[in-house]
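Visitor: Could you help me learn to read a structure like this one? I am new to this.

Guide: Gladly, let us look together.

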Amino acid sequence: MVFEIQEQVDLTPYNSFGVSQMAAYFADIQDPADLPQAREFAASKRLSVLVLGQGSNTLFINDYPGLVLYMNNRGREILPGAGMLRAAAGENWHELVMFCLQNSLYGIENLALIPGTVGAAPIQNIGAYGVELDQFFVELEAFDLKTGEIRHMSKADCEFAYRDSLFKQDPGQKLVVLSVTLQLAVEPVLELGYAGLKEALLGQEATPQRVFDAVCAIRSSKLPDPKRIGNAGSFFKNPVVSRAKLLSLRESYPELPAWDTGDADLVKLPAAWLLDQKGWKGKQRGGAAVHEDHALVLVNRGNASGEDVVLLAQDMSSSILQGFGIALQTEVRIV
Ligand SMILES: Cc1cc2nc3c(=O)[nH]c(=O)nc-3n(C[C@H](O)[C@H](O)[C@H](O)COP(=O)(O)OP(=O)(O)OC[C@H]3O[C@@H](n4cnc5c(N)ncnc54)[C@H](O)[C@@H]3O)c2cc1C
């Protein structure tokens, strides 16, 4: 296919909130060999560059004046070496999870049904139901927009943390992920610690397929399908606070749940619980609303602008700052 850069492209189909903004320039990257040409084009016009997967963690609040690189390269390959697998950035994450199960490669069943691409998975170190990508991550290949070179980055290079990595700290967006290599288990490894999952499997022998099915069932019953109602999953991260802060909050809120972080001094609090205490479920602002069943999920009621969503999110985080002295951070990338 001849490589083409389109002008004035409507981004509505390319973001799961379904907000309508335009990209000045847009390139569908099916072959990474086209990236040097895209880089030269951006440099010649002094354009900023935005890398996009399926837009399920991105909220546009303005038209994008630069070049959008829509990562659409495909390919999955089982590598020599037990459990090793490489997948192209444009592959769908959930389809990769299914492919692994079909090929007796285990460990990422708990990450089933997370929307988006393989290339975006390391950006916020996707996680769900007690499992995070970095547990299985080996390396990634990236195109460096600054130098035009290909780079190989190890797990240590990526600086993974809770919903975070080196890439999130890179607002200038220098690196385009081309592929991700994972090391999966060849024998089942089950992570059933998460409340809800254990209950869903009660009375049955847990297998990777059953964990996968249970995760899909729980997610489908709890989270709105972005194809039917625009959203980007959890809008805020769960805040991490000191144990001393937890104890002081529990004087007023004895029921406040908390999770261990692996650091004895720090705990993670459920942002949804905090928002629920302040009555945010179902609240609306313009076309944006808080989901009726899930205070962490902001939805597009049909005609929301990105700004409606952001204004609602700002009101929500102000109420948590005032009520609990906790500053919420957004999980979604606002562009
Ligand atoms: C209903 C719903 C449920 C969700 N549940 C979860 C969940 O349980 N856990 C979780 O962790 N997330 C969850 N998310 C968030 C989202 O699915 C993930 O963050 C996912 O990895 C985003 O993939 P994407 O391709 O849509 O990324 P995009 O939104 O397109 O991009 C996200 C970020 O990654 C960058 N990026 C994308 N591709 C590349 C690339 N190839 N190279 C460099 N940078 C790139 C973008 O510039 C942007 O900064 C959920 C979202 C929805 C809508």
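Visitor: Which atom of the ligand does a polar side-chain atom of Gln-124 lie 2.8 Å from?

Guide: A polar contact is a pair of N or O atoms within 3.5 Å; within protein, one must be able to donate a hydrogen and the other to accept it, and residues adjacent in sequence count only if both atoms are side-chain atoms. Here the partner of Gln-124 is an oxygen atom of the ligand. Backbone atoms take part too: a polar one of Gln-54 is 2.9 Å from a ligand oxygen, and one of Gly-55 is 2.8 Å from a ligand oxygen.

Visitor: How much of the ligand does the protein bury?

Guide: Accessible areas come from the Shrake-Rupley method with a 1.4 Å probe. The ligand alone exposes 980 Å², and the protein buries 94% of that.

Visitor: What should I know about the model itself?

Guide: This model is predicted: local features need pLDDT of at least 70, side-chain atom pairs count only at pLDDT 80 or more, and totals for chains, interfaces and linings use all residues. Residues are numbered from 1 along each chain as its sequence is written, and side-chain values use heavy atoms, leaving out hydrogens and water.

Visitor: Which domains does the chain have?

Guide: Domain bounds come from an automatic or database assignment. This chain has domain 1 (5-71), domain 2 (76-183) and domain 3 (230-334). The C-alpha centres of domain 2 and domain 3 lie 27 Å apart.

Visitor: How many salt bridges are counted between domain 2 and domain 3?

Guide: A salt bridge is a side-chain nitrogen of Lys or Arg within 4 Å of a carboxyl oxygen of Asp or Glu. The count between domain 2 and domain 3 is one. Arg-163 and Glu-331 form a salt bridge through their side chains, at 3.9 Å from N to O.
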